[in-house]
Amino acid sequence: MKDKIIIFDTTLRDGEQVPGGSLTRFEKLEIAKQLEKLNVDVIEAGFPISSPGDLESVKEISKALKRPVIAGLARAVKKDIDACREALKPARRPRIHTFIGTSDIHVKFITNTTREEVLRRSIEAVKLARNYCDDVEYSAMDATRTDFDYLCKIVEETIKAGARTINIPDSVGYSEPAEHGKLIKDLMNTVPNINKAVISVHCHNDLGMATANSLAAVMNGARQIECTINGLGERAGNAALEEVVMALKVRKELYNLETAIKTEEIYRTSKLVARYTGISVQPNKSIVGQNAFAHASGIHQDAILKKESTFGIMSPKSIGITGHELVLTSRSGRHALSHRLEELGYKVTAEELNLIYVKFLAVADKKKEVFDEDLTAMMETEGKKGFDASYVLEDIYVATGTKITPMATITLKVKGKSFKAAAIGDGPVDAAYKAINSIVKQDISLVDYQLKAITGGKEAQGEVSVRIKKGPIEVNGRGLSTDIIEASARAYLDALSKLERTKAR
Ligand code: KIV
Ligand code: ZN
């Protein structure tokens, strides 16, 4: 059987220490409930002594949640431990997590005392906490910069005092993976009573190694990882829960370890935390970033449609996202285009696809990304029905400004032959329509003209709808382009082509 890694989530404590990320009590409770759904083993709900609000929040979470262990943080001092005790009273499975700095720099500049005194306070704090609850965790803050022999002594003595979990924090994100793995291994081999406690790690991300350090630690005997959703936390943050959990899952043949996390809840949890903290996830963030399952290269898109594992090491569904997103750009191929069209409900033949692909590339060349709305509009205006158009726009040139008379030059293909004409008008659209009229030589009146933007942003496509009339016949036409004059010309030509078909019928 695989060994289990305990997932200790500290989003509501270390995560909340991120500047600007503070949460209301309601938000903390909602996040805690979602963490319960995610099935984390331990939720560090807060630091009760830090404020009456935090104490109440830990109490509320303790009351509301049934399954996970609820931990409260306390410095190695009586008043902190008492506050924790009070906050955790309603918890079904309470844990008091007490800590003190053990590196010389912390002993000297933070506690202002000696190694001996820190050892004494650690033992006393653990004993006091054990009077209140069975589940006590002790953290040797700044462990990775602590003298190794002293660290061994403190771990041994706090286990003797009753700590069931010993946390070895890389509080300043200083460690690197091989070193961190070795530290855990050396502790496992040196401290005589180490197997009486669970060894935990708590890695900060100052050098971007929090996930790697946590994984190196579990490869060497640690069995609890402290982490946060989206990697939030003090300074550069903590190890990201989604990263450590998915690494253990995707590379299970390597680690041979498992967690109880319901990974399908990861994405929802990440979104909730981002929304409540107001700290959005960077697009290229592993696992939960907007681009983590988005494929922009044409070669990748084609491959992933043939077999997901060509460029996907995990399924988006495994973290709760419905599917790989194929970002349609000018680099996308026919396969990706027809796949998306099919998803949108358009079934096209190979021959039709070739024609649509040319139109698609024309749009994609002008826009960074082609959205579903662009495709729908393209299919409805110049898609299938565009194949039997009588009038096809080949080229349009307009000159306009505040001090010149607007002028348009149009080249059209009419029944396979090209025609060119120029005209001036009241505005560029009027000039373009006059130039078209001089080629088609028909007496047309424009009944209605409407322009709207589809999709947002400055590269949005403009969609023009027109209604034209010739004698008793009235028809509509629609045109689409990132250039609104071109969209206007296309709409007019679409209506003219429809007029021809109507007349023929
Ligand atoms: O980074 C750290 O050392 C901590 C402790 C309180 C565990 O957050
Ligand atoms: Zn921390």
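Is Ile299 buried or exposed? Select Ile299 and turn on the surface: Ile299 is exposed, with a relative accessible area of 68%. Keep in mind as you go that this is a predicted model.

**Around Ile299**

While you're here, colour helix H12, which covers residues 298-306 and holds Ile299. Now add His335 to the selection. His335 and Ile299 are 36 residues apart along the chain, and 9.9 Å separates their C-alpha atoms.

**The zinc ion**

Next stop: ligand 2, a zinc ion. Show the side chains of Asp14, His202 and His204, the protein donors of this ion. Asp14 uses an OD atom, while both His202 and His204 use NE2, and the donors lie 2.0 to 2.1 Å from the zinc ion. Along the sequence, the donor residues follow the spacing D-x187-H-x1-H.

Trace the backbone from Asp14 to His202 and you'll go a long way round: the two are 188 residues apart, so this pair links distant parts of the chain. Asp14 sits in the loop between strand S2 (6-9) and helix H1 (25-38), whereas His202 belongs to strand S8 (residues 198-203). Switch the surface back on to check how much of each shows. Asp14 is buried, at a relative accessible area of 3%, and His202 is buried too, at 4%.

**The second largest pocket**

Stay with Asp14, as it takes us to the next stop. The second largest pocket has a volume of about 440 Å³. Its lining is made of 24 residues, and Asp14 is one of those closest to the centre, together with Arg13, Gln17, Leu73 and Met141. Select those five as sticks to find the middle of the pocket.

Then colour strand S5 (94-101), strand S6 (136-141) and strand S7 (165-170), the elements that each give two or more residues to the lining. If you colour by residue class, you'll find seven nonpolar, 10 polar and seven charged residues in that lining.

**Two cysteines**

Which cysteine sulfur is nearest to that of Cys203? Select Cys227 along with Cys203 and put a distance label between the sulfurs. There are zero disulfides in the count, and Cys203 is in no disulfide, with the sulfur of Cys227 as its nearest cysteine sulfur. The label should read 10 Å, which is too far for a bond because a disulfide needs the sulfur atoms within 2.5 Å. Both residues are hidden from the surface view: Cys203 is buried at 0% relative accessible area, and Cys227 is buried at 0% as well.

**Aromatic pairs**

The last stop is about rings. The whole structure has four aromatic pairs, and we'll visit two of them.

Start with Phe26 and Tyr276. Their ring centres are 6.5 Å apart and their planes meet at 70 degrees, so this is an edge-to-face pair. Phe26 lies in helix H1 and Tyr276 in helix H11 (residues 266-277), so the pair ties together parts that are 250 residues apart in sequence. Phe26 is exposed at 53% relative accessibility, whereas Tyr276 is buried at 17%.

Now jump to Tyr433 and Tyr492. Here the centres are 4.1 Å apart and the planes are at 10 degrees, so the pair is stacked. Colour helix H16 (residues 428-440) for Tyr433 and helix H17 (residues 484-504) for Tyr492; the pair ties together parts 59 residues apart in sequence. Tyr433 is buried, with a relative accessible area of 6%, and Tyr492 is buried, with 2%.

How values were computed:
Residues are numbered from 1 along each chain as its sequence is written. Chains are lettered from A and ligands numbered from 1 in the order in which they are written. This is a predicted model: local features need pLDDT of at least 70, side-chain atom pairs count only at pLDDT 80 or more; totals for chains, interfaces and linings use all residues. Side-chain values use heavy atoms; hydrogens and water are left out. Buried means under 20% relative accessible area, exposed over 50%, partly exposed in between (1.4 Å probe, protein chains only). On a 1 Å grid over the protein atoms alone, a cavity is a set of points where a 1.4 Å probe fits but cannot get out, and a pocket is an open set with protein on both sides within 12 Å along at least five of seven lines; lining residues have an atom within 4 Å of a point. Grid points are joined across faces, edges and corners, and a volume is the space filled by probe spheres set on the points. Helices (H or I, at least four residues) and strands (E, at least two) are DSSP runs, numbered from the N terminus. Ala, Val, Leu, Ile, Met, Phe, Trp, Tyr, Cys and Pro count as nonpolar, Asp, Glu, Lys and Arg as charged, and the others, Gly among them, as polar. Donors are N, O and S atoms within 2.8 Å of the metal (3.2 Å for Na, K and Ca); water is not among the atoms, so sites may look incomplete. Rings of Phe, Tyr and Trp (its six-membered ring) pair if their centres lie within 6.5 Å; planes under 30 degrees apart count as stacked, over 60 as edge-to-face and the rest as tilted.
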